[in-house]
Amino acid sequence: MFLSRFHSALRCCPGIDLMDMAGDVLQPQGDDTARVSWNLRKTIVKYQETFSVIERCPKPVVVAVHGPCVGGGVDLITACDIRLCTQDAWFQVKEVDIGLAADVGTLQRLPKVIGSRSLVNELALTARRMYADEAKSSGLVSRVFADKDALMAAALEMAAEIAGRSPVAVQGTKINLIYSRDHSVAEGLDYMATWNMSMLQTQDVMKSAQASMEKKSPKTITFSKL
């Protein structure tokens, strides 16, 4: 189980470093258009991968946001599995304000997180801020907390709850949720059947079933590491 957090003050998540962008993106290497373009694409793909690895991590990732979450911060949290925030948090797809289209995940993942194409278009095209209450009502975050302490306590408790379950069940659930998001229902069911034809043979199923029958918490079970 991974827990990530954003907060304001010294370690906020302001998004892209403009100085880094000036060197890597605005001045790519190459002595003609083809080579410049080739190297620029490699740089963009490298940046994309830094966020995609979070989504591909088989362990669920809980992200706790307090304060601003701007630009690259939105790219990052949309690659996470569970998003929580404080009442003072706000979110901004900032890229149009610096003359570019967001290119490392927001435009691809945010429509699937929120579900409203109109709202995603508005946020991406105007760069307006979305505050905590709207983030919750739109589905960007699932819970909002009064302050940082309450947020972190809840995030750690949630992470512990998930970590107390069978790693076979938890990781299989995440992998199949992501697969189903990007495929049809029929394809998702077929993938699930193939997945569970082996995963159902784990001892975790019998251990969990026995604990349930004995009205015990799954956290009382000792599961083998995966």
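Let me begin with Tyr179, which, at a relative accessibility of 22%, counts as partly exposed, and I should say straight away that what we are looking at is a predicted model. Tyr191 is likewise partly exposed, and its relative accessible area is 28%.

These two residues bring me to the aromatic rings, where the count comes to two aromatic pairs. In one of them, the ring centres of Tyr179 and Tyr191 are 3.8 Å apart and the planes meet at 10°, so this pair is stacked, given that planes under 30 degrees apart count as stacked. Tyr179 belongs to helix H8, residues 167-181, while Tyr191 belongs to helix H9, residues 185-199, so the pair ties together parts that are twelve residues apart in sequence. If you now add Trp195 to Tyr179 and Tyr191, you have the members of one aromatic cluster.

Next, there are charged side chains that sit over rings. Arg129 lies over the face of Trp90, 3.6 Å from the ring centre, and Lys46 lies over the face of Tyr47, with 5.7 Å to the ring centre.

Finally, let us turn to the strands, and in particular to strand S4, which covers residues 82-86; is it mostly covered or mostly open? Strand S4 is mostly covered, since four of its five residues are buried. Strand S2, residues 61-66, runs parallel to S4 and is joined to it by four bridges, and here Val65 stands opposite Cys85 of S4. Strand S7, residues 143-145, also runs parallel to S4, with three bridges joining the two, and in S7 it is Arg143 that serves as the bridge partner of Leu84.

Technical notes: Residues are numbered from 1 along each chain as its sequence is written. This is a predicted model: local features need pLDDT of at least 70, side-chain atom pairs count only at pLDDT 80 or more; totals for chains, interfaces and linings use all residues. Side-chain values use heavy atoms; hydrogens and water are left out. Rings of Phe, Tyr and Trp (its six-membered ring) pair if their centres lie within 6.5 Å; planes under 30 degrees apart count as stacked, over 60 as edge-to-face and the rest as tilted. Buried means under 20% relative accessible area, exposed over 50%, partly exposed in between (1.4 Å probe, protein chains only). A charge sits over a ring if NZ of Lys or CZ of Arg is within 6 Å of the ring centre and within 35 degrees of the ring normal. Two strands pair if DSSP finds at least two bridges between them.
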